[in-house]
Amino acid sequence: MQLTLEINSSEQLSSVCGSFDRHLALISKSLDVTMNNKGEDFTIKGKNKHIAARVLQDLIALSSSQPIEIYDVEMAIKSCSHDDLPNQSVNIKTKRKFIHIRSKNQQKYALDIKEKDCTFGIGPAGTGKTYLAVARAVEALEASDVRRIILVRPAVEAGEKLGFLPGDMNEKIDPYLRPIYDALYEMLGFDKVEKLLNKNIIEVAPLAFMRGRTLNEAFIILDEAQNTTIPQMKMFLTRLGFASKMVITGDITQIDLANPKHSGLIHAIKVLENEDKISFCHFETKDVVRHNLVQRIVSAYDKFNLS
């Protein structure tokens, strides 16, 4: 098939094709097609040629806002290979980052965070639950929709016994919030994050410190919520104040509590599932956005547990 891409510049074409055409080589290998191009005119052969064409068009759309990395190519191949392609385009824009969301579950999650005051993201590691929540938080902060971001996590199992760790409270809990920090640094930059932390515009707090507070005009993220107890989850959810949003993320297959049945996340799903103002977004193995091997590892564990 013949395909002509709408290219605005040689730099954009280079970004899509990759250095020494490494992006095109990856598409060809992954989809078992042959691909040649002269500038913006592409010739694609093979049974998956239409999927390859969709991948190229997806990359062109993304390249208008950011350079294409090998990760973007892998994600485009993965999403375009599915039959249940999303019907709409959902993006998150911050000053430093443009996130083009591809899978239906991730799109629902991102949309629900924007539209609902309380959203649960539930699913396996690597599905973007925390990353997309942080992206929406930064987006809301930059748009002045909220005045601060509050990051919460149960630390050291569910009992939050932090006394044996060195340092003050922030230093004790910081290691457990590293995935959130990594996302913040990517979207805001290291210096900006440090300044916002010093000004308390970004606040880090252990779950136990939420008791008695009412959080207004804030974007609150509770990560690793599967390790909350039932009373802790109820306490956290009732901290929601005016003009605030809450996002609760967790993986119910990785509960560290002595009795997993006492997980506040599992209990909340049962108690609140019929509340239409609260969203529950469930992710699947196909939503994993890390290295392809991660998806295979998650699938292997799922199959083993079912056997």
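Reader: In which strand is T4 found?

Author: T4 is found in strand β1. The model under discussion is a predicted one.

Reader: What makes the link between the side chains of T4 and D41 a polar contact?

Author: The two side chains come to 2.8 Å of each other. A polar contact requires a pair of N or O atoms within 3.5 Å, and the value of 2.8 Å therefore meets the cut-off. Leaving out residues up to four places away in sequence, T4 touches E40 and D41. T4 and T43 stand 39 residues apart in sequence, with 8.9 Å between their C-alpha atoms.

Reader: What is the order of the strands in the open sheet, and how are they paired?

Author: The open sheet is formed by 3 strands in the order β1-β3-β2, and the pairing is antiparallel. From one strand to the next the twist averages 25 degrees.

Reader: Why are β1 and β2 called edge strands?

Author: Strands β1 (2-4) and β2 (34-38) each pair on one side only.

Reader: How do you know that β2 and β3 are paired?

Author: Pairing requires at least two bridges between the strands. Strand β3 (residues 41-45) and β2 are joined over 5 bridges in the antiparallel sense, so the requirement is met. Within this pairing, N37 stands opposite F42 in β3.

Reader: Which helix lies across β1, β2 and β3?

Author: Helix α3 (residues 49-63) lies across these strands and runs at about 150 degrees to β3. The buried residues of α3 include I51, V55, L59 and L62. As a general point, an α-helix has 3.6 residues a turn, so residues three or four places apart point the same way.

Reader: How does the span of α3 agree with the span expected of a helix?

Author: With 15 residues, α3 reaches 21 Å from its first C-alpha to its last, close to the 21 Å expected at 1.5 Å a residue. Helix α5 (residues 104-115) can be examined in this way too: its 12 residues reach 16 Å, close to the 16 Å expected. Among the buried residues of α5 are N105, Y109 and I113.

Reader: Why does H23 count as buried?

Author: The relative accessibility of H23 is 3%. Buried means under 20%, and H23 therefore counts as buried. H23 lies in helix α2 (residues 22-31). Leaving aside neighbours within four places in sequence, H23 is in contact with residues including S15, C17, I68 and V73. A polar atom of the H23 side chain lies 3.1 Å from the backbone oxygen of S15.

Reader: What makes strand β9 mostly covered?

Author: In β9 (residues 218-222), 5 of its 5 residues are buried. Both faces of β9 are covered, with A218, I220 and L222 on one side and F219 and I221 on the other.

Reader: How do you know that β9 pairs with β7 and with β10?

Author: Two strands pair if there are at least two bridges between them. Strand β7 (residues 148-153) is joined to β9 by 5 bridges, and the two run parallel. Strand β10 (residues 245-250) pairs with β9 over 4 bridges, also in the parallel sense. Both pairings therefore satisfy the requirement. V152 stands opposite L222 in β9, while I221 stands opposite V247 in β10.

Reader: What makes the phi of E224 worth noting?

Author: Most residues other than glycine have a negative phi. E224 is not a glycine, yet its phi is positive, at about 55 degrees. E224 is found in the loop between β9 and α11 (230-237).

Reader: Why is E224 called partly exposed, whereas A243 is called exposed?

Author: Exposed means over 50% relative accessible area, and partly exposed covers values between 20% and that cut-off. E224 has 26% and is therefore partly exposed. A243 has 53% and is therefore exposed. A243 lies in the loop between α11 and β10, and its phi is near 55 degrees, a positive value in a residue other than glycine.

Reader: How many helices and strands are there in the protein chain, and what percentage of its residues is buried?

Author: There are 13 helices and 11 strands in the protein chain. Buried residues make up 50% of its 307 residues. The protein chain exposes about 16100 Å², of which carbon and sulfur atoms supply 51%.

How values were computed. Residues are numbered from 1 along each chain as its sequence is written. This is a predicted model: local features need pLDDT of at least 70, side-chain atom pairs count only at pLDDT 80 or more; totals for chains, interfaces and linings use all residues. Side-chain values use heavy atoms; hydrogens and water are left out. Axes are lines fitted to C-alpha atoms, for helices over the stretch in contact, and angles run from 0 to 180 degrees between N-to-C directions. Contact means heavy atoms within 4.5 Å. Buried means under 20% relative accessible area, exposed over 50%, partly exposed in between (1.4 Å probe, protein chains only). A polar contact is a pair of N or O atoms within 3.5 Å; within protein, one must be able to donate a hydrogen and the other to accept it, and residues adjacent in sequence count only if both atoms are side-chain atoms. Accessible areas come from the Shrake-Rupley method with a 1.4 Å probe; for residues, only the protein chains shown count as cover. The expected span of a helix is 1.5 Å times one less than its number of residues.
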